[in-house]
Amino acid sequence: MKVAIVGGGGREHAIAHSISKSPLCKKLYCIPGNAGSLSIAENIPISAEDINGIVEFCKEETIDYVVIGPENPLAEGIVDELNKAGIKAFGPTKKAARIEASKSFTKNFLKKYNIPTAEYEVFEDFNKAKEYVVKKGAPIVVKADGLAAGKGVTVAKSTEEAIKALEEIFINKRFGDAGKRVVVEEFLEGEEASFLIFSDGDNIVPMIAAQDHKPVFDNDEGPNTGGMGAYAPAPIINDTLKERIINEIMLKAINGLKNEGAPYKGVLYAGLMIKDNNPYVLEFNCRFGDPETQAILPLLESDLLEVMLASTEGTLNSINLKWKDSYAVCVVISSGGYPLKYEKNIPIEGLTEVQNLDDIIIFHAGTKMQNGKILTSGGRVLNVVAIDKEFKKAQQKAYEAIKLIHFDKMHYRKDIGNKAYKYL
Ligand SMILES: Nc1ncnc2c1ncn2[C@@H]1O[C@H](COP(=O)(O)OP(=O)(O)O)[C@@H](O)[C@H]1O
Ligand SMILES: [Mg+2]
């Protein structure tokens, strides 16, 4: 079949890498893709946000199946539009994607279905929100309701900081309509983990757990980014916790969404806080995580395309995922200055040497090909993924491989995966 992947980051390169190995895939397109996807797919220069453009392209090229990477087109209803045009797609409908696109919807949903999450209130008014913050005291968490590219949440250490965040959202309208509503919630102390499942609306198939590293500098210092690294499986999620997450969170969420008239197909991602060995939902995402996917998918031995098709067709109960008995560590290389100001169009050296190493995969994120040279084109540039049966070796191999890569002002964290050791 002809398959198209929407998106152009490291997550989409990782998805393309897995799908390109499927015997079911005869031709692969990336919309728009990056310099990495060029070697396994045809890149189509249409923006991932241009839903009409994508639907038209898929009709013209008679694409059989479209896999959506990022949240924005899902929240805008790309799956509904593709389906209307008679094209099958992997991912939730607009209605089901509210699980990521509206934090107030999700908090009310979690409460209704008795799924563990931080205590909260929803506000549409600055003064009422401020009163609540003063009453509750710090630390406290302020979240813009809608999609805000990972910038809508403030974990406030003081009431002043929380009030400032409320001012940004309600008065300065920093997030536009995404900030019409605000969730103010209890601060949960603990360690985070990402738990992803495939769902077909009724059945679920869990993936191995992963852990992301959001802050830009070592020891979780500096501003939050899209993610500076990840590893899988994350040993913080032991078998007991895994069973509880499946039964107390994921199955309840999938059944709840069906009950709300929004059956959920695709990948459901739970951002969890593990507090005193109990899992709480911080948020849901309606798609694969970036960079968790780059650590999870290289360990998947099953045919990814087959699993995705089963999610779309409602036949996931026939699927049993097979995983490599190994660890994957993914280190993100970013442009210096990211997530604030950074330069683009810097030539990248050393990629060919690294590609020849065993147990190393390079996924591209912000890269482009120009006159036969690979240049930087975004904040997060490359993902170096190393695989080994031993966690420590996977981590070492990733950092050894990075030494071969160079571009001006490149930056990466030196401590990706260190949190795993206390559970190994
Ligand atoms: N209730 C909470 N307690 C402590 N930290 C939180 C809480 N909610 C969110 N956070 C922190 O803020 C980050 C971003 O919040 P999240 O709800 O995942 O929103 P988004 O990913 O949309 O920005 C989380 O990864 C976590 O580090
Ligand atoms: Mg998050």
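Modeller: Helices (H or I, at least four residues) and strands (E, at least two) are DSSP runs, numbered from the N terminus. This is a predicted model, in which local features need pLDDT of at least 70 and side-chain atom pairs count only at pLDDT 80 or more, while totals for chains, interfaces and linings use all residues. Residues are numbered from 1 along each chain as its sequence is written, chains are lettered from A and ligands numbered from 1 in the order in which they are written, and side-chain values use heavy atoms, with hydrogens and water left out.

Colleague: Thanks! Which residues does Ser302 contact, and to which backbone nitrogen does a polar atom of its side chain lie 2.7 Å away?

Modeller: Ser302 sits in the loop between α10 (292–296) and α11 (304–313). Contact means heavy atoms within 4.5 Å; beyond its neighbours within four places in sequence, Ser302 contacts Asn320, Leu321 and Lys322. A polar contact is a pair of N or O atoms within 3.5 Å; within protein, one must be able to donate a hydrogen and the other to accept it, and residues adjacent in sequence count only if both atoms are side-chain atoms. Here the side chain of Ser302 has a polar atom 2.7 Å from the backbone nitrogen of Lys322.

Colleague: And Asp145: is it buried or exposed, and which backbone nitrogen lies 2.6 Å from its side chain?

Modeller: Asp145 belongs to the loop between β7 and β8. Buried means under 20% relative accessible area, exposed over 50%, partly exposed in between (1.4 Å probe, protein chains only), so Asp145, at 8%, is buried. Its contacts, leaving aside neighbours within four places in sequence, include Lys103, Phe105 and Arg181. A polar atom of the Asp145 side chain lies 2.6 Å from the backbone nitrogen of Ser104.

Colleague: Ser104 is in α6, I see. How many residues of α6 are buried?

Modeller: The buried set of α6 holds Lys103, Ser104, Phe105, Thr106, Lys107, Phe109 and Leu110. Just after this helix, Asn114 takes a positive phi of about 60°. Helix α6 (residues 103–112) is largely enclosed by the rest of the structure, because the buried share of its ten residues is seven.

Colleague: What about α8: within what arc do its buried residues fall?

Modeller: Helix α8 (residues 159–171) has 13 residues and reaches 17 Å from its first C-alpha to its last, close to the 18 Å expected (1.5 Å times one less than the number of residues). Its buried residues are Ala162, Ile163, Ala165, Leu166, Ile169 and Phe170, while Glu160, Lys164 and Ile171 on the other side are exposed. The arc is that of the directions from the helix axis to the C-beta atoms. Seen down the axis, the buried residues line one face of the helix because they fall within an arc of 155°.

Colleague: Ala156 touches Ala162 of that helix. Which residue, 17 residues apart along the chain, has its C-alpha 5.5 Å from that of Ala156?

Modeller: Ala156 is in strand β8 and is buried, with a relative accessible area of 1%. Not counting residues up to four places away in sequence, it touches Ala138, Pro139, Ile140, Glu161 and Ala162. The residue whose C-alpha lies 5.5 Å away is Pro139.

Colleague: Which residues touch the most other members of the largest nonpolar core?

Modeller: A nonpolar core is a set of buried Ala, Val, Leu, Ile, Met, Phe, Trp, Tyr and Cys residues joined through side-chain atoms within 4.5 Å. The largest has 83 residues, and helix α9 (residues 239–259) gives the most to it, with eight residues. A second, separate core of 44 residues includes Val67, Val205, Phe288 and Leu321. In the largest core, the most other members are touched by Met250 and Phe284.

Colleague: Now ligand 1: which side chain has an N or O atom 2.9 Å from one of its oxygen atoms?

Modeller: Of the 15 residues around ligand 1 (each with a heavy atom within 4 Å of it), Lys143, Glu185, Leu188, Glu192 and Glu283 come nearest. Lys143 places a polar side-chain atom 2.8 Å from an oxygen atom of the ligand, and Glu185 places one 2.7 Å from a nitrogen atom. The side chain with an N or O atom 2.9 Å from a ligand oxygen is that of Glu283.

Colleague: One last thing: which residue does a cis peptide bond join to Tyr338?

Modeller: One cis peptide bond, with omega about 0°, joins Ile31 and Pro32, and Pro32 is in strand β2 (residues 27–32). In the loop between β18 (327–335) and α12 (351–355), a cis bond with omega about 10° joins Tyr338 to Pro339.
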